[in-house]
Amino acid sequence: MVPSTARVVIIGGGVMGCGLAYHLAHEGWTDVVLLEKAELTSGSTWHAAGQITHSTSSYGLGKCVGYNIDLYSRVLEAETGQSVTWHGCGSLRLAYTDDELDWLHQTISVGKGLGFPMEIVGPERIRELHPFYNLDGVKAALHTPDDGHVDPAGAAFALAKGARQLGVKVIRRCRATNVTQAESGEWLVETEQGNITCEHVVNAGGTYARQVALWSGYDLPATSMTHHYFITDTVPEFRSLDKELPVVRDDRLVSGYVRMEQKKGLIGIYEKANPNTVWEDHCPWEAENELFEPDYDRIMPWLENAMDRMPILAELGITREVHGAISHPPDGNPLIGPAPGLKNYWCCCGTQIGIGWGPGLTRELARWIISGTPEINMREFDPRRFGPYADQTYQITKAKEDYLLRHEIPFPHFNRLEGRPVKPSALYEDCKAEGAVFEEVYGHERPRWFAPEGTEAKDIYGFRRTKLHDIVGAEVRAVREKAGIMDISAFTKVEVSGPGAKTFLDGLVANRLPTPGRVALTHILNDAGRIELETTVVGLAEDRFYLVCAAFFEQRLVDNLTFALKGEDVTITNRSSDWGAFALNGPKARDILCACTGADLSNAGFKWMTAREIEVGGHKLWAFRMSYAGELGWEFHGPRVSILAAFRATKAAGKAHGLVNYGSFAMNAMRMEKAFKGAGELTNEVTLPEADVMRFVKLDKDFRGKAATEASLANPLRFVCVYLEVADDGKSDGNGGEAVLAGGKQIGTVSSIAFGHGVGKLLAFAYVKAGHAKPGTELEVVVMGTPRAATVLDEPAYDAASLKPRSDQKEAAEA
């Protein structure tokens, strides 16, 4: 029988559920029940190929991978006595083209920051490591010698055993049948063997995760896709080997991997056409160790390529065909963290590579559940990155797209176009007509840049500078010299109002709330004093506040506000889709706006960091005098109809002054010139002192996370955010996650990096050990695998005194 109560109930006994149970126990929580409807690992885990590699360009995922390899190779079997069958054979990721080689250099740049052993080797060395692979056309490979593979079932069994040894209850053959939340906030998990009341519930349901989530009203965005791998007859050439060959990852020709499986060959394929979904509406509850008939027609071109690349396999028979289901979220990243809108409901699912990614991710989730924050930046895995717009049609469309991209080059900022637009702004069609290239952020379409006629994808994507560098540069210079206009409707826009609004918000944010007509920048923290998000707060009235933050954090902001309510007379209104917004920036901004409004726009009549309701083009909306570009400028917010009319009026007035469109890439370049920290710097990893943003904090008031903030101030900082100028080679700018070195030793990591076109400098933010943060300190940043000189700066590279946004243009020029 199941216990009647538990602190945590985990639904699902694959590697993710077992990993979470293990790490919750190791973090000190043992009143945990894991429910598995069949036998452990009988879903997707048991049929996994079980590979794990240090080869990743994601810094956060890299932290998880490093931990996982150590766990499998040294810790888990020794702790539990359960065999995991670790094969530390290393791996090779091949590069056939210059772009693929650049990808490997970018991976090296991140890997050095994580302390990973890896090197780029040429064909001669590849042949020494793997004499049987056809290297025709291969330029080089990334060699990661500590990679390997593990028995998937053995690894999950060991995690489960480790959890049980510490007191976790693992209950097999017990299916959960419903999950509901009581008014008290506790969760009721109904099962075939009785009901369990718990404080936290975790959905680790794998291919069942979506239908489990629907019990609680959550349309979890994940689709089951099928993947093939094949095991051949014994390979005669393998019999005499005294060392296992490295795994070969051939993204171009095989679209997958080839390795040894004992003395046999194993070939895994992610075909680049006709991806296959299964169980779109409901995974059968009776499914157990489920496999599908192989679809050779679908994968044959890549299987033939594999045989051509590994000729010693070509004449052998296939002894095992594995065609199983794997869960794919819309963007391919796992769903690890809080479910949107549901307090103490956690997602631990949507993981394509559960063996390779799972333990590290579940360790962070365990910390998140227990202490309210993980130790690494979980932004790319947070389930709240998707909203209600991600319905089933969207989920399936994007999962197919992601599957097809699984073994394509992960170009920086690659734009995934399927299933869009989802939430076009009121200004979308106008911007599209002028050449806007959009990106999707929380379903919204936001202009990235405006493409000159004839621009093609091949001109844009690359790890080094492309035509895009010049396009963004032209936009930046136009804003700096004349004026630019940008659709910023994608920003999260939430109104907090009511008699209790002021007291409620004041207890949540670290800065003092603005008075009516004023604007303030502040942060919302968790109880551990780590940064949940940065938000601009506008005082619309004594009892009415307007919060603006990055689009990605919409659900996070709404949840932080909603879950903090304790009966106060407060109304929270999400205006993110109903309202639009645009920004006007540049030295000609006031001249342009004067032609659209009768409002007093002088410094005396409309001061810096103030807000007023004015008419623009005959339509009333809110105007905020502020500028993320660091220029004279305003933001305008209001209902979609009003915003569209005001936008068109402003555009018409701007023609005489050289007004240009600009997008988010130019905006990012300009915020780097101004040393404005963004989402890359303000993460759940850091406290306000570590982020060096204490000027936005008032310690003479109470706010959530205050005690932890004071503790951070009182103790030596683990690391601190610094602003860097990096040597520019004229060819590449980096993409974030790069290692920062001092004396050849890694002492930090880049959080953001971009070329500042207005100042002609490559600029970066990085977190470094506190002893290396003094202005003038000489460091190195590893860009595309090569260390470059870098200097810690003590002021913004552009308009350090911030005279331009605060003054009349004449005053700024005289100053």
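Is Arg-74 buried or exposed? Arg-74 is exposed, with a relative accessible area of 55%; exposed means over 50%, buried under 20% and partly exposed in between, with a 1.4 Å probe and protein chains only.

The note concerns a predicted model, in which local features need pLDDT of at least 70, side-chain atom pairs count only at pLDDT 80 or more, and totals for chains, interfaces and linings use all residues. Residues are numbered from 1 along each chain as its sequence is written, and side-chain values use heavy atoms, with hydrogens and water left out.

1. Arg-74 and its setting. Arg-74 belongs to helix 2 (residues 59-80). Helices (H or I, at least four residues) and strands (E, at least two) are DSSP runs, numbered from the N terminus. Trp-86 is 12 residues from Arg-74 along the chain, and their C-alpha atoms are separated by 9.1 Å.

2. Helix 1. This helix covers residues 15-26, and its end C-alpha atoms are 16 Å apart, in agreement with the 16 Å that 12 residues should span at 1.5 Å a residue. The expected span is 1.5 Å times one less than the number of residues. Because 11 of the 12 residues are buried, helix 1 is largely enclosed by the rest of the structure. Among the buried residues are Met-16, Cys-18, Tyr-22 and His-23. Gly-28 follows the helix and has a positive phi, near 110°.

3. Helix 15. For the 15 residues of helix 15 (residues 640-654), the expected span is 21 Å, and the end C-alpha atoms are 21 Å apart, which agrees. Its buried residues include Ile-643, Leu-644, Phe-647 and Lys-651.

4. The open sheet. Six strands, in the order 29-30-31-28-22-32, form an open sheet with mixed pairing. Strand 29 (611-616) and strand 32 (660-661) are the edge strands, each pairing on one side only. Two strands count as paired if DSSP finds at least two bridges between them. Strand 22 (residues 484-487) runs antiparallel to strand 28 (residues 579-585), with four bridges between them. Met-486 has Ala-583 of strand 28 as its bridge partner.

5. The barrel. A second set of six strands closes into a barrel, in the order 33-36-35-34-37-38, with antiparallel pairing. From one strand to the next, the twist averages 45°. Axes are lines fitted to C-alpha atoms, for helices over the stretch in contact, and angles run from 0 to 180 degrees between N-to-C directions. Seven bridges link strand 33 (residues 720-726) with strand 36 (residues 761-768) in the antiparallel sense. Glu-725 is opposite Leu-763 of strand 36.

6. A hairpin. Strand 9 (residues 176-181) and strand 10 (residues 187-191) are antiparallel and joined by five bridges. Val-179 is partnered by Val-189 in strand 10. Five residues lie between the two strands, and Gly-185 in this hairpin has a positive phi near 100°.

7. Helix 11 against helix 16. The axes of helix 11 (residues 467-481) and helix 16 (residues 664-673) come within 9 Å and cross at roughly 65°. The contact (heavy atoms within 4.5 Å) involves residues including Val-472, Val-476 and Arg-480 of helix 11, and Phe-665, Ala-669 and Glu-673 of helix 16. By class, there are eight nonpolar, no polar and three charged residues in this contact. Here Ala, Val, Leu, Ile, Met, Phe, Trp, Tyr, Cys and Pro count as nonpolar, Asp, Glu, Lys and Arg as charged, and the others, Gly among them, as polar.

8. His-469 and Ala-629. His-469 lies in helix 11 and is buried, with a relative accessible area of 17%. Not counting residues up to four places away in sequence, His-469 touches Asp-733, Phe-755 and His-757. Ala-629 sits in the loop between strand 30 (619-624) and strand 31 (633-639) and is buried at 3% relative accessible area. With the same sequence exclusion, up to four places away, Ala-629 touches Val-479, Arg-480, Asn-585, Met-670 and Lys-674.

9. Backbone points to check. Arg-420 and Pro-421 are joined by a cis peptide bond, with omega about 0°. Pro-421 is in the loop between helix 9 (392-405) and helix 10 (428-433). Asn-289, a residue other than glycine, has a positive phi near 50° and is partly exposed, with a relative accessible area of 37%. Asp-692 also has a positive phi, near 60°, and is partly exposed at 41%.
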